[in-house]
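Please work through the following exercises with the sequence and the structure side by side. Each one sets a task and is followed by a solution in steps.

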Amino acid sequence: MNTGNLIKVAINALKRNKMRSFLTMLGIIIGVASVITMLAIGQGSKKSIQDQIASMGSNMLFVMPGNMRMGGVQQGSSSSQRLTVKDVAAIRAECDAVVAVSPEVRSSGQAVYGNANWPTTIYGGNEQYLEIRSWGVVSGRNITDSEADGSAKVCLVGRTVADELFGEGIDPTGETIRFKNIPFRIIGVLEEKGQNSFGQDQDDVMIAPYTTVQKRILAQTHIQSIQMSAGSAEESDLAEAQVEEVLRRTHRLRENEDNDFEIRSQEELATTMTSVTEILTILLGAIAGISLLVGGIGIMNIMYVSVTERTREIGLRMSIGGRSVDILLQFLIESILLSVFGGLIGIVIGFAASAVVEAFTSWPISVMWSSVILAFVVCTVIGVFFGWYPARRASELDPIDALRFE
Amino acid sequence: MKTIIDITALKKDYHVGEVTVHALRGVDLKIREGEFVAIMGASGSGKSTMLNIIGCLDRPTEGIYLLDGVNVAGMSKNERAAIRNLKIGFVFQSYNLLSRTSALENVELPLMYNPNVGSRERREKAMAALEAVGLADRMDHMPNQLSGGQQQRVAIARSLVNDPVVILADEATGNLDTRTSYEIMSLFQELNTKGKTIVFVTHESDIARCMTRSVVFRDGHIIREEEVKSRLIAAEMLQALPVEEE
C-alpha cells in the first residue's frame, strides 16, 4: 500500500474512535505543553535575573572583607575592618583595568521629614558611585568628590523614599530630611530601578558622601566594601587580578597567607544566581518530560488494545493481500499520527500557557524555538518507539488465526 | 477448459506440542475454469486446511499446487500476499467487513493493496462490483445499516473487485436464514454463469446441490468426488418458498 493510502487508512481508523484517539493524544498534549511552558518559565526567570544583574552596574566588581584569623580563631567576615579608604586610593592609582572605584559604607535607620518617617538604608559613596552602579539622577545632581572630602550633609534619595516622605511624585530636591537625627539636604532624586529578582525595592535608598556616613553616622574608619567598574567585560578578569595583587600588598599578606578579602564580579554573581534557575529549569523540564513519557506509554497501551480489538480486521487485510509490512506501517502511522497531532496541539497550548504565565507574573517569558523543535522531535520518536511493538505484534499475526479470532 | 487449481499429492502436517497432526494426507484435486465446486466434510476432515492452502493463506508441507499455472507451494509470505491480492477473492461466513466504513470503501479495500490501481480506477471498479451484486443504492451505507444478506453481498463485491481467478467462500451462507441463503446462492450461480470459478465450503447438502461438483473430505483424504446431478437453481427455490407475511 502506498504512503498516501496508509495515512488515509490510519486517519480513518483514528476517526472511528474519536474519543479514544483524543484521550490518547491528551497525554502527549499535556506532556508537550508542560515541557514547553516549563522550559519557557525557566528561561524567562533566568533572563529576568540576568536583566536584574545587568541593571546593577556595568562590568561591576566588588571587594568584600573576607574571613580572617585572630589568634587562631576564624572571625566572621562582618567583623572584619580590613578594608579602608587607602585600599580605594591604591586601586585607583595602580589598577589600569579599573576605570571607576568607590568605597561603600551603609547604615540602616529611620528617615524623617516633618511628621512623616520611613525606614531605609543609606549608602555612602564617592562621585563615581552612581556611575559604577549605572544609576542615573532624574532631578538635581550627583554628589561631588569635594562634598565627599568635606563630609557634606547632602544626599540623593530613591523614588520610594521621596514618595513615602513627601508624597507621590513630588520632587523633594532642596528639602532637608533627617536620618538618625542628622540633617541631610536633598540634592537630587535617583532614577527608578524597581524591584530586583528577590523582590527587594531598589528605590528604597538614600545615597550620601561616604565620609558623611562613615564619620557622622557610623563613627568608623573602615569601609564595608569597594565597588569598581572594569573598562569592559573582557577586562573584568584582568581587573580582578590587579585588584587582588594591590590589596595583598596593602594588607601586607605573606605568600602563605590567604586573602582577607573577597573579590566578586558581576559575571560570577550572574552565574551563581542563574545556576539556581538552571537547576530549577532542568527539574521542571524533567518532570514535564516524565509526563510526556507517560503520554507515550498511553499511546502504546491503546495501540495494544487496538491491535487486539482489530485482530479480525488484520486477518482480513492480510487475506486480501496486505503484507506484514503494510500492517506494520498501518499501525505505526496511527501511533505516529496520534503523537504528532498531540504534539502540535501541545505546542499551541504551550505557547498559550506561557503567555498566560507571562501575563500573571510579568516575567519576560520566552518560548524557545529549540524547545518547540525538541518537543516535536521527541513526539515523533515517541510515536515510532511506543507504536513499534504493538505494530510489530499486529504484523506478525497469522492470517488464519486472526480471521478466526473472536 | 483451463485448469485453475491443480493440486497433486498435497500433504499438510501440524505440530501441536509433540504430536504431529496429519490434516491432509495426500490430496489430488483439479478445478477447471468456470466450475462451481462444493467442498464438504465433517469438522476435522481437512476441508478448512484445504481451503486455507487453496487460498494461499497457508503452505503445504509437501506436494504441488499450481494456481493459474503458477506453483505457489514454495512461495514466501509476501509473494503469497501478492498472489492473494491479484488472483483470489475471499467470502467469509461472518462477512468480515470493516465497521464504520462505507460499503464502497470496504469493497475498495483489496485494490488499496494493489500499487498499480489508482484511486479513480479503484472507485470505478468498486462501484461496478457493488452494482454487480445489486447494491448500487447502498454504496454509502455502513455495515451496521445493512442486513446480513446485504453485508454478505458487500463481501462478495469485495471478493470480485480485483477480478480474481477463483472465489473462495467459507460457509458463506452459514450465518443466514434459508431465504437469504438462497438469495446469496442465486447470486453465486449468476456469477458462475458469467464464468467465475468458485470453490465453496459448506456442510449443507441443499446448498451443495446448487453447485456443479462436490468434493467430500474425510480424515485428510478426498473420499468422494462427483458431478452434481439434478442441480438446484437457487432462484427457483426462492420462488418456491412460502411468501412471508409482512
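**Exercise 1. List the buried residues of α1(B), and explain how the helix sits in the structure.**

Solution. The buried residues of α1(B) are Lys47(B), Ser48(B), Thr49(B), Met50(B), Leu51(B), Asn52(B), Ile53(B) and Ile54(B). A residue counts as buried if 20 or more other C-beta atoms, placed from the backbone, lie within 10 Å of its own, as exposed if 12 or fewer do, and as partly exposed in between. Helix α1 of chain B covers residues 47-54, and because eight of its eight residues are buried, the helix is largely enclosed by the rest of the structure. After α1(B) comes Cys56(B), with a positive phi near 60°.

This is a predicted model, in which local features need pLDDT of at least 70 and side-chain atom pairs count only at pLDDT 80 or more, while totals for chains, interfaces and linings use all residues. Residues are numbered from 1 along each chain as its sequence is written, and chains are lettered from A and ligands numbered from 1 in the order in which they are written.

**Exercise 2. Describe how β1(B) and β2(B) are joined.**

Solution. Strand β1 (residues 3-16) and strand β2 (residues 19-32) of chain B run antiparallel and are joined by eleven bridges; strands pair if DSSP finds at least two bridges between them. Helices (H or I, at least four residues) and strands (E, at least two) are DSSP runs, numbered from the N terminus. Within this pair, Ile7(B) stands opposite Leu29(B) of β2(B). The two strands form a hairpin with two residues between them, and Gly17(B) in the turn has a positive phi of about 60°.

**Exercise 3. Set out the contact between the chains, and say which element of chain A gives the most to it.**

Solution. Chain A brings 19 residues to the contact and chain B brings 20 residues, where two residues are in contact if their C-beta atoms, placed from the backbone, lie within 7 Å. On the side of chain A, the elements that give two or more residues are α1 (3-16), α10 (311-319), α11 (324-361) and α13 (399-404). Of these, α10(A) gives the most, with five residues.

**Exercise 4. Describe the overall form of chain A.**

Solution. The C-alpha trace of chain A spans about 105 × 55 × 35 Å along its principal axes. Its secondary structure comes to 13 helices and twelve strands, and buried residues make up 41% of its 406 residues. An automatic or database assignment gives domain 1 (3-52 + 272-404) and domain 2 (81-259), and the C-alpha centres of these two domains lie 56 Å apart.
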